[in-house]
Each structure stands twice: as structure tokens, then as C-alpha cells.
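These are my notebook entries on one structure, kept in the order in which I looked things up.

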Amino acid sequence: MTTKTKSKYPDNADQALLKKLGAQVRERLAANPAVYKVPSDEVELFAVGDFMTPAECAKMIELIDATAKPSKVFDVDYSSGYRTSYSGDVDPYDPFVKKIGRRVDDLLGIDPRFGETIQGQRYMPGQEFQPHHDWFHPGTSYWDYEMSRGGQRSFTTMAFLNEVEGGGTTDFTELGIALEPKPGVLLIWNNARPDGITNLKTMHAGRPVTAGSKYIFTKWYRAREWR
Ligand SMILES: O=C(O)CCC(=O)C(=O)O
Ligand SMILES: [Fe+2]
């Protein structure tokens, strides 16, 4: 249940910053031949193949297994069963994790201070992440807190780390796009539209894994310095 409370932050908080960041990242990705733009007029969505080597995927999976615990959710607004995977922040001071984080920073060209720490996720059969936006919704219990520590989420990056035996696609439910988990691939999307307004069409889901397991990591960027 969502309780609307008065906030000192406007619904479109950080719009101007999101617009500026969007333009900056768009230009940088367009200049990079390793970046594939997934065709859509509604969401700026990109993929990079072989972003992670097989050895790096294996190492990240090891770290996720070591830290995985039931997913933290913004509990008041996320009903139980919404996200049933396991997740955890992998050690941000681990040199390997730092190296991968810097690679993502460099790909996007966003100020590294805007980046959240890398979060790992593991799905076992039956586990999923139901349709949601990664950007924060005004009026939620966590809105003011998140606005005070970096503001709106600008870009999402998400890497597939293993071959999934069954299920586990990442679906953009408003776009009719289903992306097969392919180890080493990094997905990138802008959570805002080019005008800087948060984009409703970025609705996406991690579909239930039906066989095997699915490992990913996500790294989100804010509109401002994240603390
Ligand atoms: O597992 C997926 O494919 C999606 C994960 C996701 O949406 C998230 O972590 O925010
Ligand atoms: Fe998400």
C-alpha cells in the first residue's frame, strides 16, 4: 500500500540533471562500437556483449554465493513475493569488484560518485522479480530518504553472469521485449526519458527461473552523488 505524504522534493525531482546525464551518456554510448542499441522508440536500452569474461563471471558468481541473503526490498511498497531472489551488496572494497565497477563507470562516463555499489542477485527455480521500475516513485515510504542520498536513479546497468537452463529472461513488459540471459552481456538503460522525466515504459521483470539458476549483478547510477 502506498501512503502519499507531503515531500519537499517535487515528483519530477532531478529532472534537469537526468536530462543532462541522458544526453551525455547517449552521446558516449553512440560513439562506442561495442555498444548495441536495442531498437525502441520508448526506452533508451543498450547491450554490450562480452562485457565480462567467463572467468570474471565465475568470480562474481562466487562472491554472490558468499553474500547472498533474502533480497532487501523497500518493504512497505513491495509486497512479499514481488522479488523472491537472493541478493546482496558484494564487498565494494574488494579489488575485483572495484575493477568491474570502474569498467561500468568508464563505459557510461558518469561521475563514479553517482554510482551505487554493485549488487549481486541469485535466482533459483521459481524465483523472480515481478514487473517494476528501478526509479523511485514519489509518495513512497523511501522517497524522501532516497532523494536525500543521491536522488533519482538515472541509469541501470545489469550483467548476466551465467547460462540459465530455463526461464529467467529480462522482460520489458511495456515494450514486448524479452532478453535471454547470456553470460557476460551487460544491459544498460536510461530510467528517464530524454526530457528528464522518469520513464514509465522502463517497466521490466526478471521472469521466473524454471530450471538451473540465474546470476546477475546490477549497478545503478543516481542523478547526484550517492551516499
Ligand atoms: O533479474 C532480472 O532480469 C531483472 C533484475 C532487476 O530488475 C533488478 O534487479 O532491478
Ligand atoms: Fe529492476
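Which helices and strands do the buried residues of H3 pack against? I went through the contacts and found helix H1 (15-30), strand E2 (45-48), helix H2 (54-67), E7, E11 and E14. Before going further I note that this is a predicted model.

**Entry: confidence**

I looked up the scores, and the chain averages a pLDDT of 92, with 92% of the residues at 70 or above, that is, scoring at least 70. For the complex the predictor gives an ipTM of 0.99 and a pTM of 0.93. I marked residues 73-80 for caution, since pLDDT stays under 50 there, and the model has eleven contacts for them beyond four places in sequence.

**Entry: helix H3**

H3 covers residues 95-108, and its 14 residues reach 20 Å from the first C-alpha to the last, close to the 20 Å expected at 1.5 Å a residue. I listed its buried residues as Val97, Ile100, Gly101, Val104, Leu107 and Leu108. They cover an arc of only 120° around the axis, which puts them on the same side of H3. I recalled the general rule here: an α-helix has 3.6 residues a turn, so residues three or four places apart point the same way. Turning to the face of H3 that looks away from the buried side, I found the exposed residues Pro95, Lys99, Arg102 and Asp106. Just after H3, Gly109 takes a positive phi of about 70°.

**Entry: helix H1**

I then checked H1, whose 16 residues should span 22 Å at 1.5 Å a residue, and its end C-alpha atoms are indeed 22 Å apart, which agrees. Its buried residues are Leu18, Leu21, Gly22, Val25 and Leu29. Seen down the axis of H1, these fall within an arc of 110°, so they line one face of the helix. On the other side of H1 I noted Ala16, Ala23, Glu27 and Ala30 as exposed. The cover over the buried residues of H1 includes strand E1 (35-38), E2, H3, E7 and E11.

**Entry: strand E7**

Why is E7 largely enclosed by the rest of the structure? I counted its residues, 153-160, and eight of the eight are buried, so the strand is largely enclosed. E7 is joined by six bridges to strand E14 (residues 214-222), and the two run antiparallel; within this pairing, Thr157 has Lys219 of E14 as its bridge partner. Five bridges join E7 to strand E11 (residues 186-190), again antiparallel, and Met158 stands opposite Leu187 in E11.

**Entry: Tyr215**

Tyr215 is found in strand E14, and I asked myself whether Tyr215 is buried or exposed. It has 26 other C-beta atoms within 10 Å, and because 20 or more count as buried, I recorded Tyr215 as buried. Leaving out residues up to four places away in sequence, Tyr215 touches Ile61, Ile64, Arg122, Leu161 and Asn162. For Asn162 I also noted the distance: Tyr215 and Asn162 are 53 residues apart in sequence, yet 6.1 Å apart in space, C-alpha to C-alpha.

**Entry: Thr198**

Thr198 lies in the loop between E11 and strand E12 (204-206), and with 24 C-beta neighbours inside 10 Å it counts as buried. I found that Thr198 touches Trp135, Gln152, Asn191 and Ala192, not counting residues up to four places away in sequence. Thr198 and Ala13 are 185 residues apart in sequence and 9.4 Å apart in space, C-alpha to C-alpha.

**Entry: positive phi at two aspartates**

Asp14 has a positive phi of about 70° although it is not a glycine. Asp14 lies in the segment before H1 and counts as buried, with 25 C-beta neighbours inside 10 Å. Asp50, which is not a glycine either, has a positive phi of about 50°. I placed Asp50 in the loop between E2 and H2, where, with 12 C-beta neighbours inside 10 Å, Asp50 counts as exposed.

**Entry: the UniProt record**

Finally I consulted UniProt, where an unreviewed entry lists residues 114-223 as "domain: Fe2OG dioxygenase". Over residues 114-223 I found the chain to be 5% helix and 41% strand, with the end C-alpha atoms 7 Å apart.

Terms used:
Residues numbered from 1 in each chain as written. Chains lettered and ligands numbered in written order. Predicted model: local features only at pLDDT ≥ 70, side-chain atom pairs only at ≥ 80, totals over all residues. Helix = DSSP H or I, 4+ residues; strand = E, 2+ residues; numbered from the N terminus. Pairing = 2+ DSSP bridges. Expected span 1.5 Å × (residues − 1). Arc of directions from axis to C-beta. Contact = placed C-beta atoms within 7 Å. pLDDT = per-residue confidence, 0-100. UniProt positions renumbered as here; feature names shortened; annotations may be inferred.
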